[in-house]
Amino acid sequence: MNYKSIFNLCLAIFLVLVPIGCDDWTELEIHDSQINGFKEQNPEQYAAYTQKLRAYKASKHALVYARLDNAPEVSSSEKDFLRALPDSIDIVTMRNANRLSDYDREDMKLVRADYGTRVLYYIDASAKEELNNSISAATDAVRKGIFDGITLGSSSSVDASTIKAMTDALGQTDCLLVFEGTPSMLPESSRSLFDYFVLDISSAADEYDVEVVVRLATDHGKTAADRLLL
C-alpha cells in the first residue's frame, strides 16, 4: 500500500474543505436582541415598587436634590444620563435643559411618571446676555408641561426685574421654583416666590462651616431653615 499517496490525497481533500469551513464559521449573522429591564421582566413588582416610591416622595421627608450635566458633546458612560441617577432623588436640575437629547426626553418621561422625580430647567442668571432668551425658553417649557419647574442659579445679586419677568411669564402655572445661591442674593420681596434655596457647602471643612452658611441664610437672608437644601 502506498501510504505516501494516501497521505497526499487526504491532505488535498483537507485543503479543499478548510476554506469552505472557514467561510461558514466567519459568516456574520444578524440576530434581533432586546434587553428587558425590571419593568418588562416583572411588571407587577415594578408597579408595586414605583407606587411605594411615589408615595414616599409625596410624604414629608428629607429632600434629595441633584444636578445633571445632561447632553454632553461626547458621552463617556451611563453617568451622563438621567436614568442612571438613584430612584430616590426628589429633584433633578438639567443643567443643559436648552438642548435636550432624545435620550433625555425619554428618561424624563420615565422618572417623572414612574418615580415621581421632579425635573427642573436650569437658568444661569449670571449669563446676562442670554438671560432673556433663557427665561423665555424655560417658562415656555414649564407651561407646556415638559419640566416641573425652574432652577435659577447665580453667585451674584439678581435684579427684581429678572424675577418678575420669570414669574409673569409663568403666570398661574403650578410649578417648583428653586434658587441655587444664598437667599440674600435675591431682593427680600422676591424670596417668598421660591420653594427652596440650594446652599453650596462643598468647601466646608467641619460642622461649624456648615452652621455659618445656614445662619447667613436664615438670619441675614431671612429664610426659614426648612426651605434650605445643602
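I began with the salt bridges in this predicted model, and my tally came to ten.

**Within helices.** I looked at helix 5 and found R143 paired with D140, three residues away and about one turn of the helix along. Their closest N and O atoms sit 3.4 Å apart. I noted R143 as partly exposed, at 42% relative accessible area, and D140 as partly exposed too, at 28%.

Helix 7 gave me a pair as well: R215 and E211 are four residues apart there, with 3.1 Å between the closest N and O atoms of their salt bridge. R215 comes out at 48% relative accessibility and E211 at 39%, so I marked both as partly exposed. I also jotted down a network in which E78, R83 and D107 are joined by salt bridges that share partners.

**Across the chain.** Next I checked E188 and K222, whose side chains form a salt bridge at 3.6 Å, N to O. This one links distant parts of the chain: E188 is in the loop between strands 5 and 6, K222 in the loop between helix 7 and strand 7, 34 residues apart. K222 is exposed, at 54%.

**Cores.** I then turned inward. The largest nonpolar core holds 39 residues, and F194 is one of those with the most contacts inside it. Helix 5 gives the most to this core, five residues. Apart from it I found another core of eight residues, including Y65 and Y196.

**T50.** Last, I visited T50 in helix 3. T50 is buried, at 3% relative accessible area, and its side chain reaches the backbone oxygen of A47 at 3.2 Å. Beyond its sequence neighbours within four places, I found T50 in contact with D114 and Y115.

Key. Residues numbered from 1 in each chain as written. Predicted model: local features only at pLDDT ≥ 70, side-chain atom pairs only at ≥ 80, totals over all residues. Heavy atoms only, no water. Helix = DSSP H or I, 4+ residues; strand = E, 2+ residues; numbered from the N terminus. Buried < 20%, exposed > 50% of the residue type's maximum accessible area, 1.4 Å probe, protein only. Polar contact = N/O pair within 3.5 Å; in protein donor to acceptor, adjacent residues only side chain to side chain. Contact = heavy atoms within 4.5 Å. Core = buried A, V, L, I, M, F, W, Y, C linked by side-chain atoms within 4.5 Å. Salt bridge = Lys/Arg side-chain N within 4 Å of Asp/Glu carboxyl O.
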